Amino acid sequence: MKMKLAVLPGDGIGPEVMDASVRVLKTVCACFNHEAGFTKGLLGGAAIDETGSPLPEETLKLCRESDAILLGAVGGPKWDHNPARLRPEKGLLGLRKAMGLFANLRPVKAYRPLLPAAPLKPEVIDKVDLLIVRELTGGLYFGQPSERRGPEKESVVDTLQYSKTEIERIVEKAFQLAQIRRGKLTSVDKANVLESSRMWREIVDKTASRYPDVEVEHMLVDATAMQLIARPGQFDVIVTENLFGDILSDEASMITGSLGMLPSASLRADRFGMYEPVHGSAPDIAGQGKANPLGMILSTAMMLRYSFGLEKEAAAVEKAVDAVLAAGYCTGDLKVPDGKIVSTNELADKIIDHLKENHAKSLHV
Ligand code: IPM
Ligand code: MN
């Protein structure tokens, strides 16, 4: 398999976790006889500094010419006071929209060795394995905001807008995923208040008739936030709109013990995808080798699976992560009792060693 990859490290810890993940991917390629080309591009604050735009045309062109995108993280205090169009986040949102990546998959699972590291009781989170399917190119993130209005500019409007088609395609995707998982779908909304949520519910109910093998329930977003902490084991697939999904996925990360653990895939109808950790750029620890690379490394596993259909390779990376955690290695964000805290690169090295040891038979180096 030949893979043409756009690599957008971004800001803060982005470049560190990206370097670690690219090294892991290169090992996977060597072990399983694949070829990957990595082309770097600018996005976010790094792009603003270099080119004056958070999403330069050249980066868009690179992404369009690639089979998949790997993205680190964007943002940082340096650009926090920039006008809206010159914010790093604008680059990320623009890229998601431009590439049509409407389906954001955020799997959350409890890792045995990390159970004591999580703030929730081990018996509550043990065996949790859920998937948040977040709509990614609509809702409040993309409604046209108003200017500041009034004599003292004391009023402002953000718009939560969805079209039927936008809801239908994400709901369809969630049903398909529930069907190949444990057959349960929780659709999360605020239908007791929002008109868009009431339309969302109608579409979910209508789609459900074509998936008789999937059990569907509706849950209000506030109740979901509570249930995720109280009884996360009840969830299989959760489907929800953009902002609710953003918030619930950060919350759900505490099931793993750290936001640094969570990977994500942003997909459209074909195989093209963008793969990025759920965490942000963590400027406070940037450049110190302290960042947890596992969210990014697990995102590359999702890329192997979803964009290239390389299930065996994806599973090999995930197994390596399991093994390294089981051996007690971690980064500082994971409060594992008696854990061996290592650097970003050292943790990646442990994963690489595990891959080489277990797939040496087919090693082509
Ligand atoms: C995420 C991030 C982004 C989002 C930010 C950086 C714009 O929080 O991917 O979850 O809100 O989508
Ligand atoms: Mn977020």
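**Close-ups of ligand 1**

**View 1. Ligand 1 sits in the largest pocket of this predicted model.** A pocket here is an open set of points on a 1 Å grid over the protein atoms alone, where a 1.4 Å probe fits, with protein on both sides within 12 Å along at least five of seven lines; sitting in it takes more than half of the ligand's atoms within 2 Å of its grid points.

**View 2. Seven neighbours, E89, L92, R96, R106, R134, Y141 and D246, surround ligand 1.** Each has a heavy atom within 4 Å. Helix α4 (residues 88-98; a DSSP run of H or I, at least four residues) gives the largest share, three residues. Domain 1 (1-101 + 272-365) and domain 2 (119-146 + 156-256) both contribute, so ligand 1 lies between them; the bounds come from an automatic or database assignment.

**View 3. Side-chain N or O atoms approach oxygen atoms of ligand 1.** The distance is 2.7 Å for R96, 2.9 Å for R106 and 2.9 Å for D246.

*Notes.* Local features need pLDDT of at least 70, side-chain atom pairs pLDDT 80 or more, while totals for chains, interfaces and linings use all residues. Residues are numbered from 1 along each chain as written, chains are lettered from A and ligands numbered from 1 in written order, and side-chain values use heavy atoms, without hydrogens and water.

Methods: Polar contact = N/O pair within 3.5 Å; in protein donor to acceptor, adjacent residues only side chain to side chain. 1 Å grid on protein atoms, 1.4 Å probe; cavity = no way out; pocket = protein on both sides within 12 Å on 5 of 7 lines; lining within 4 Å. Helix = DSSP H or I, 4+ residues; strand = E, 2+ residues; numbered from the N terminus.
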